[in-house]
Amino acid sequence: MSGAADLQNASPRRLFFGAGRAREDFFSRTDRSAVSAWWWTVDRGSLAAIAALALIGLIILMAAGPVAADRKGISNEFHFIVRQVVFLGPALGLAFGASLLSPLGVRRVSLAVFLVGLALLGLTLIVGPEINGAQRWLPIGPIAVQPSEFVKPAFVVMAAWMFAEQRKAPRFPGAAIAFGLYVVFAGLLAAQPDYGQTLLVTAVWLTLFFIAGQPWIWIAGFLGLSSVAAFIAYAHVPHVASRIDRFLDPSSGDNYQPEVALKAIEAGGPLGRGPGEGVVKHHLPDAHTDYIFAVAGEEYGLIAGLVLIVLFGTIVMRAYARALGQTSPFAQLAACGLATMIGVQAFINMGVSLSLLPAKGMTLPFVSYGGSSLLATALTFGFLLALTRRRPHGRRRSDFV
């Protein structure tokens with residue numbers, strides 16, 4: 001009878017795995033290993049959203065990749081799909097490894113990435129090939145790397161670190177150092193030129209400046225300087241002026257790609273044309289990268305667009321919510337900055353496809369094709385997961401951000 005009672009009271013987990021503590025609970029709360037501690041402290045909601053983005057990216061690339069390969073004269077129609085899968089493995093490993101870091105580890109890794117990245121950015125301006133009038137890529141062996149993609153998350157962490165140090169020691173010139181880091185990075189981006197990334201970095205830096213509690217007069221001053229810089233770029237850079245003019249008045253010039261992307265999304269309707277039935281990928285050379293949102297909208301409809309928006313919104317909002325529970329000003333600022341960068345980049349990419357913003361080549365994080373973009377986004381997600389993990393004695397304190 002006792003054996004029957006034990007069998008009746010046994011949990012399904014125990015019945016399936018059998019006896020033994022290790023098999024009884026795969027990630028036991030009493031397990032002191034690094035992986036078990038990670039599992040019980042990481043934001044699993046954001047983790048699921050990130051995995052969903054990676055999966056959706058592969059599904060959409062299955063439609064856009066073969067056409068892109070044919071357009072570029074590549075015999076293997078699965079060229080881009082295979083390369084994305086090859087990069088996705090190391091990217092997920094990089095995200096996992098970065099998410100295991102402590103806040104101190106995040107700062108150390110970011111410092112190394114920032115210094116090496118700045119050196120590579122400078123080297124890109126010297127030896128990098130010119131593509132479409134810009135020098136953004138650096139050939140390293142058989143692959144081409146875009147250093148700015150890796151510098152972005154490192155820059156956010158470095159700036160947050162400086163603002164946090166000033167919070168702890170008001171006499172420390174943290175804001176001034178953070179501004180110096182911004183000037184160097186934004187200057188190198190503008191020299192490529194890459195004004196879209198410059199705008200993104202500026203928006204994130206101003207967000208950190210605001211969240212760090214800097215004086216309103218300074219915030220207004222920097223907003224004014226940014227507006228002046230934007231006006232100067234419009235007045236003296238024909239490429240910038242052309243894109244803005246075509247956005248404000250589509251009849252003023254060639255507006256082919258944004259118009260085709262918007263029409264494709266409209267044609268998709270609520271449910272889409274169906275997998276593989278879209279036509280926009282045959283007309284846009286960047287359908288597998290900058291305009292992949294249009295491919296998703298045409299083939300899978302409004303539902304696909306809403307799913308992507310919800311996933312990115314989930315990552316951003318959960319990061320902000322969990323940042324409030326951190327006791328470290330650095331972790332709070334860095335997490336909010338990284339989440340803002342992810343959200344703004346996704347907004348720009350989707351906004352261009354919907355003709356809500358001027359045309360700008362910017363990938364959709366973890367969805368668009370691209371090795372550098374995929375690895376850099378994985379590093380960003382890894383840092384974000386590391387900084388939003390639940391930590392011992394992590395009660396909120398009102399004197400922190």
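A residue counts as buried here when its relative accessible area is under 20%. By that yardstick, 46% of the 401 residues in the chain are buried. The model is a predicted one, so a word on confidence comes first. The mean pLDDT of the chain is 86, and 90% of the residues reach 70 or more. The N-terminal end is another story: residues 1-8 stay under 50 in pLDDT, and the model gives them 1 contact beyond four places in sequence. Residues 10-24 are also below 50, and this stretch has 12 contacts beyond near neighbours in sequence.

As for the overall make-up, the chain has 16 helices and 2 strands. Among contacts with a separation of 6 or more, 70% link residues 24 or more positions apart. The accessible surface adds up to about 19,400 Å², and carbon and sulfur atoms hold 67% of that.

Next, the nonpolar interior. The largest nonpolar core takes in 97 residues, and the ones with the most contacts inside it are Leu53, Phe155, Phe163 and Trp205. Helix α15, which covers residues 329-353, makes the largest contribution to this core, with 14 residues. Trp205 is a handy place to start looking around. Leaving aside residues up to four places away in sequence, Trp205 touches the aromatic residues Phe155, Phe163, Phe179, Tyr182 and Phe222, along with Ala159, Ala175 and Ala178. Two of these partners, Phe155 and Phe163, are also on the list of residues with the most contacts inside the core. There is a second core too, separate from the first and made of 6 residues, including Leu61, Ala68, Ala69 and Phe80.

Then there are the empty spaces. The structure has 1 cavity of 30 Å³ or more, and the volume of the largest cavity is about 80 Å³. The lining of this cavity is a mixed bag: Glu149, Lys152, Gln345, Thr377 and Thr380 take part, and so do Met341, Ile342, Pro365 and Ala376. Helices α8 (147-168), α15 and α16 (371-387) each give two or more residues to that lining. The second largest pocket holds about 160 Å³ of space. Phe293, Ile309, Phe312 and Gly313 line this pocket, together with Gly343, Ala346, Phe347, Met350, Gly351, Leu354 and Leu356. Both α14 (292-323) and α15 supply at least two of the lining residues, and α15 gives the most, with 5. Helix α15 thus turns up in the largest core, in the cavity lining and in the pocket lining.

Two polar residues in helices are worth a look for their surroundings. Ser372 sits in helix α16 and is classed as buried because its relative accessible area is 6%. Not counting residues up to four places away in sequence, Ser372 touches Trp137, Ala144, Val145, Gln146, Glu149 and Phe150. One of these, Glu149, is also part of the lining of the largest cavity. Gln84, in helix α6 (residues 79-99), is likewise buried, since its relative accessibility is 3%. The contacts of Gln84, again without residues up to four places away in sequence, are Leu58, Leu61, Val367, Ser368, Tyr369, Gly370 and Leu374. Gln84 and Leu58 are 26 residues apart in sequence, and their C-alpha atoms are 7.7 Å apart in space. Leu61, another of these contacts, belongs to the second nonpolar core.

Finally, the backbone has a few spots to check. Most residues other than glycine have a negative phi, and most peptide bonds are trans. Gln192 and Pro193, however, are joined by a cis peptide bond, with omega at about -10°. Pro193 falls in the loop between α9 (174-191) and α10 (195-211). The loop between α15 and α16 contains Ser355, a non-glycine residue with a positive phi of about 60°. Phe366 lies in the loop between α15 and α16 as well, and its phi is positive at about 65° although it is not a glycine. How do Ser355 and Phe366 stand in terms of burial? Ser355 is partly exposed because its relative accessible area is 27%, whereas Phe366 is buried because its value is 3%.

Methods: Residues are numbered from 1 along each chain as its sequence is written. This is a predicted model: local features need pLDDT of at least 70, side-chain atom pairs count only at pLDDT 80 or more; totals for chains, interfaces and linings use all residues. Side-chain values use heavy atoms; hydrogens and water are left out. pLDDT is the predictor's confidence in each residue, from 0 to 100. Contact means heavy atoms within 4.5 Å. Helices (H or I, at least four residues) and strands (E, at least two) are DSSP runs, numbered from the N terminus. Buried means under 20% relative accessible area, exposed over 50%, partly exposed in between (1.4 Å probe, protein chains only). Accessible areas come from the Shrake-Rupley method with a 1.4 Å probe; for residues, only the protein chains shown count as cover. A nonpolar core is a set of buried Ala, Val, Leu, Ile, Met, Phe, Trp, Tyr and Cys residues joined through side-chain atoms within 4.5 Å. On a 1 Å grid over the protein atoms alone, a cavity is a set of points where a 1.4 Å probe fits but cannot get out, and a pocket is an open set with protein on both sides within 12 Å along at least five of seven lines; lining residues have an atom within 4 Å of a point. Grid points are joined across faces, edges and corners, and a volume is the space filled by probe spheres set on the points.
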